[in-house]
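This report describes selected structural features of the protein shown below. Attention is given to contacts, burial, covalent and ionic links, and the packing of the interior.

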Amino acid sequence: MQWGELSIALLGPGSGRKSNARHFVDVWNGDRGSAGYFQRSILLDRYYATTVISGEVNESCAVTVDTGSELPFEVRARMDFDESMALAKQDVDQPIDRALREYCPAAKEIAEKLLPLIDENGGSRAN
């Protein structure tokens with residue numbers, strides 16, 4: 001599989017939110033904009049997370065995780081830029097199945113490997 005881009009970031013709220021305090025609630029409720037696919041899950045039995053496929057041609061999959069800190073942690077995997085531009089130029093949406101099969105598992109795997117390193121003994125579900 002040819003990779004495009006993989007990014008890891010803390011996810012800040014959009015300009016419409018004055019406070020970060022409940023930002024993951026927006027993510028969890030699907031209020032961060034339109035997406036072709038949205039799913040809630042629990043990672044590593046400790047973290048609330050969402051998976052979203054988005055982009056003009058469904059080229060991006062983001063796994064956003066509530067670590068219990070102010071800003072959610074996000075891993076995003078996307079197809080090669082040139083391929084996404086070619087599909088957009090042809091006005092052809094990429095099937096969501098491809099993103100679910102190729103990009104979402106990679107984003108989830110990386111999130112699960114990094115979480116214990118950046119949030120040891122933590123988690124949004126931790127007691």
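## A buried loop residue

Setting aside neighbours within four places in sequence, T67 contacts Y47, F73, L115, D119, G123 and S124. The model under discussion is a predicted one. T67 itself is placed in the loop that runs between β4 (60-66) and β5 (73-78). With a relative accessible area of 12%, T67 is buried, because the cut-off for burial is under 20%.

## A buried residue of strand β3

T50 belongs to strand β3, which covers residues 47-54. Its relative accessibility is 0%, and T50 therefore counts as buried. When residues up to four places away in sequence are not counted, T50 touches F24, V27, W28, F38, Q39, R40, A62, V63 and T64.

## The nonpolar core

The largest nonpolar core has 20 residues, and those that touch the most other members are L43, V63, V65, F73, Y103, A111 and L115. Two or more residues come from each of the elements β3, β4, β5, α2 and α4. The largest contribution is that of α4, which supplies 4 residues. In soluble globular proteins, nonpolar side chains tend to be buried together.

A111 illustrates the packing within this core. Apart from residues up to four places away in sequence, A111 touches L43, V63, V65, F73 and V75. Of these partners, L43, V63, V65 and F73 are themselves among the core residues that touch the most other members. Two residues of this group also appear in the surroundings of the residues described above: V63 is touched by T50, and F73 is in contact with T67. L115, likewise listed in that group, is a further contact of T67.

## The disulfide

The model contains 1 disulfide. This bond joins C61 to C104, with an S to S distance of 2.0 Å. The link between distant parts of the chain runs from C61 in strand β4 to C104 in helix α4 (residues 104-118), and the two cysteines are 43 residues apart. An angle of 110° about the S-S bond makes the link of C61 and C104 right-handed. Both C61 and C104 are buried.

## Helix α2: faces and ends

Which residues of helix α2 are buried? In this helix (residues 81-90), they are S84, L87 and A88. Viewed down the axis of α2, the buried residues fall within an arc of 100°, so they line one face of the helix. An α-helix has 3.6 residues a turn, so residues three or four places apart point the same way. The face of α2 turned away from the buried side carries the exposed residues D82, K89 and Q90.

At the N-terminal end, α2 is capped by D80, one of whose side-chain oxygens lies 3.2 Å from the backbone nitrogen of D82. D82 thus appears both in the capping contact and on the exposed face of the helix. After α2 comes D91, which has a positive phi near 60°.

## Salt bridges and their network

The structure holds 5 salt bridges. One of them pairs R98 with E83, where the closest N and O atoms are 2.5 Å apart. This pair links distant parts of the chain, R98 lying in helix α3 (residues 96-102) and E83 in helix α2, at a separation of 15 residues. R98 is buried, with a relative accessible area of 15%, whereas E83 counts as partly exposed at 28% relative accessibility.

R98 also forms a salt bridge with E102, the closest N and O atoms being 3.1 Å apart. Because they are 4 residues apart in helix α3, R98 and E102 are separated by about one helical turn. E102 is buried, its relative accessible area being 18%. A further salt bridge brings together the side chains of R101 and E102, at 3.7 Å from N to O. R101 counts as exposed, with 55% relative accessibility.

Through these links E83, R98, R101 and E102 are joined in a network of salt bridges. The network includes the buried residues R98 and E102, the partly exposed E83 and the exposed R101.

Key. Residues numbered from 1 in each chain as written. Predicted model: local features only at pLDDT ≥ 70, side-chain atom pairs only at ≥ 80, totals over all residues. Heavy atoms only, no water. Buried < 20%, exposed > 50% of the residue type's maximum accessible area, 1.4 Å probe, protein only. Contact = heavy atoms within 4.5 Å. Disulfide = S-S within 2.5 Å. Arc of directions from axis to C-beta. Polar contact = N/O pair within 3.5 Å; in protein donor to acceptor, adjacent residues only side chain to side chain. Core = buried A, V, L, I, M, F, W, Y, C linked by side-chain atoms within 4.5 Å. Salt bridge = Lys/Arg side-chain N within 4 Å of Asp/Glu carboxyl O.
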